[in-house]
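Me: Could you take me through one part of this model slowly, in connected sentences that a first-year student can follow? I would like a close look at the pocket, and then at any residue whose setting deserves a second glance.

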Amino acid sequence: MRRLASTLLVVLALCAVAVALFYVTSRSPQDTPARPVEDKAFMIDGRPMTCRELFPPGCDFDLQNSYNRWGERLDNFVDTSDLGPYARDIGFAASAKLSLQACRLSETSGKTILEFVELARRDHPEAGSPQLFPFWNRARQYLCPGV
C-alpha cells in the first residue's frame, strides 16, 4: 500500500510538471506583459522634458520611440528650421510631433510624402501638402538625416 501511494505521488508530481511546462511553452506573445518603453528626457526650452510632458495627450509606442531616438536634437531643430508659417501657427509641440512622425515614416521603405500627409491629417485635418512638406523635407535633412 505504501509503495502504491509513493508511485501515485510520483505520477502526480510528473503530471504537474508536465502541465506547468506545457503552460509556459504554449503561452502566446500577447500573454507576456509588454516591456514599457523608456521615457527619456531631453532639454526642451531650457528644461528636461519627456515625451509625455511635451505631448500631454500621451505618447503612443511609435511617438515614444521616435522621441527617444531623435529627441535630443528636437529643440534646436524646431527652433532653427524654417518649417514655414504653418509651424508658427500650430506651435512648438505640434511642430515637434510632425517632425518626429516624418522621421519615423521616412525610415520605412516605400513611404513618401503622401503617407506623411495622410498621417499628419489625423491631428491636423486642415493642413495640406504645402503646409506639411517643410516638415517632411527638413526633418529628413536635419533632424534624422540618413534615415
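Reply: In this predicted model, the largest pocket has a volume of about 160 Å³. The residues that line the largest pocket are Phe 55, Pro 56, Pro 57, Gly 58, Leu 63, Ala 93, Ala 94, Lys 97, Leu 98, Gln 101, Asp 123 and His 124. Helix H4, which covers residues 85-106, gives the largest share of this lining, namely five residues. When the lining residues are grouped by character, seven are nonpolar, three are polar and two are charged. As for how such a space is found, rolling a probe the size of a water molecule over the atoms shows where empty space is left.

A residue to look at next is Asp 75, which has its place in helix H3, residues 61-80. Asp 75 is buried and yet has no salt bridge, since the nearest side chain of opposite charge, that of Arg 47, is 10 Å away, whereas a salt bridge needs a side-chain nitrogen of Lys or Arg within 4 Å of a carboxyl oxygen. Leaving aside residues up to four places away in sequence, Asp 75 touches Met 43, Ile 44, Asp 45 and Phe 92.

One of these contacts, Asp 45, lies in the loop between strand E1 (41-44) and strand E2 (47-50). Asp 45 is not a glycine, and still it has a positive phi of about 55 degrees. Most residues other than glycine have a negative phi. While Asp 75 is buried, Asp 45 is exposed, with a relative accessible area of 68%.

Methods:
Residues numbered from 1 in each chain as written. Predicted model: local features only at pLDDT ≥ 70, side-chain atom pairs only at ≥ 80, totals over all residues. Heavy atoms only, no water. 1 Å grid on protein atoms, 1.4 Å probe; cavity = no way out; pocket = protein on both sides within 12 Å on 5 of 7 lines; lining within 4 Å. Points joined across faces, edges and corners; volume = space filled by probe spheres on them. Helix = DSSP H or I, 4+ residues; strand = E, 2+ residues; numbered from the N terminus. Nonpolar A, V, L, I, M, F, W, Y, C, P; charged D, E, K, R; others polar. Buried < 20%, exposed > 50% of the residue type's maximum accessible area, 1.4 Å probe, protein only. Lys, Arg positive; Asp, Glu negative; His and termini not counted. Contact = heavy atoms within 4.5 Å.
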